[in-house]
Amino acid sequence: MAKTKLQGRLRHKARSLATISLISARVLARRAVGRPLVPQWGPLFEIANLFWRAQFDHAFALRDIAEARAYFDSLVHVLDSSPEVDIRPSLPGEPRGDWFIPRTRKGEATLLYFHGGGYTFYAAVTRQLIAMLADTLGFPIFAPDYRLTPEHPHPAQIEDALTAYRFLLAQGVDPSRLVVCGDSAGGHLMLMTLIELRKAGLPQPAIGIGLSPWTDVGRRGASQFGNDRYDLVQGYMTLQFAAWLKGGGGFGDAELSPIDQDLRGLAPLYLQAGGKEILVDMIRDFARTARTQNAPVRLDVWEHMTHEFQAHGQELPESREAIKRLEEAIRWAVAPAGEETGFPSTPQTEIDTLPEEGKRCVTAHPT
């Protein structure tokens, strides 16, 4: 069972505690008369989605971005069973970030993980997600603390991502055992990083993994605003995040959207999404675009889930299933030549062009 941890300024803690109390009361009262928001959701999942939506809404209403970040972190749910992970900050002279090292390692893969948060937040709940993934998957994860918007617009994030990738290569990490992963805006950064690696003539990783990846910084698909009533992230937030990412650099949507890029020659891509999240339509469009370019991609969609549902870890059946799929994808991608590992399609699979052979793509590609 999760515990509630309050931290930071008193007014932030008081507001967060009042918010979750009020939302919990409303959800339970509505469900008592047979009116759940989504029949397939349990009460805790519904409360969590509505609570984090309210937290985001209030953070966006604050004028000072530092205060917005502090408010968002003022209430955190902590699991009774902490991940068996050692967290080590990077050393002086290394890219800023943290290593999440599982105490029980299950394989030879290394993950480069880009956090979500619209490029603007690096929340405590996201750090918990990364620690949980390191523990559950059994692979060490390096999570760069890349520069955030609006203080640092594009191309700061992609510069930091490439620096982190080069750092891991310099540390002796074999690209055939390197996985680049990210959630939400971190999924956007994962995709853009693979594209920049190709342009720079650097080797591709074994696989790129996106959890609810942001694939278009403009407007795309009915779900972007049509799923607002379900999701913890709202359509208007994506447009603000995009404006902060562009800054004053004069960048257009097409320049900063993975869906508008040449996707040929990239590592295989494995994407996960929730059918009730605001980004699901653009994620589906991206996977279709990759398919038309003959890029290897698989998209799994859990029909009733929302943005980054994987963060619920072992507490939610769909989250457990999705994390198991992540492990299968990684083992499939990093398996040595001639050593077969299974990564079959499932009922959640909507688009699949992953090859059975030649799945590892680690050589440089021409621009």
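Start by selecting Pro-155, which sits in the loop between strand 6 and helix 5; helices (H or I, at least four residues) and strands (E, at least two) are DSSP runs numbered from the N terminus. The peptide bond leading into Pro-155 from His-154 is cis, with omega near 15 degrees. Now add Pro-150, in the loop between strand 6 and helix 5. Thr-149 and Pro-150 are joined by a cis peptide bond too, with omega about 0 degrees.

A word on the model before moving on. It is predicted, so local features need pLDDT of at least 70 and side-chain atom pairs count only at pLDDT 80 or more, while totals for chains, interfaces and linings use all residues. Residues are numbered from 1 along each chain as its sequence is written, and side-chain values use heavy atoms, leaving out hydrogens and water.

Next, show helix 5 (residues 156-170) together with helix 6 (residues 185-200): they pack at an angle of about 70 degrees, with axes 10 Å apart. Axes are lines fitted to C-alpha atoms, for helices over the stretch in contact, and angles run from 0 to 180 degrees between N-to-C directions. The two helices are therefore roughly perpendicular, a label for angles of 65 to 115 degrees. To see the contact (heavy atoms within 4.5 Å), pick residues including Ile-158, Leu-162 and Tyr-165 of helix 5 and Leu-189, Met-192 and Leu-197 of helix 6.

Now colour the sheet. Nine strands make an open, mixed sheet in the order 3-4-6-5-7-8-9-10-11; two strands pair if DSSP finds at least two bridges between them. Strand 3 (85-89) and strand 11 (349-352) are at the edges with a single partner strand each, so one side of each has no neighbour in the sheet. From one strand to the next, the twist averages 20 degrees.

Zoom in on strand 9 (residues 269-274) and strand 10 (residues 297-302), which run parallel and are joined by six bridges. Here Gln-272 stands opposite Asp-300 in strand 10. Add helix 10 (residues 280-292), which lies across strand 9, strand 10 and strand 11 at about 155 degrees to strand 10. In the loop between helix 10 and strand 10, select Asn-294: its phi is near 60 degrees, positive although the residue is not glycine.

Which residue forms a salt bridge with Arg-11? Select Glu-67: the closest N and O atoms of the pair are 2.9 Å apart. A salt bridge here is a side-chain nitrogen of Lys or Arg within 4 Å of a carboxyl oxygen of Asp or Glu. Arg-11 in helix 1 (residues 10-32) and Glu-67 in helix 3 (residues 65-72) are 56 residues apart.

How values were computed: Angles under 35 degrees count as roughly parallel, over 145 as roughly antiparallel, 65 to 115 as roughly perpendicular and the rest as oblique.
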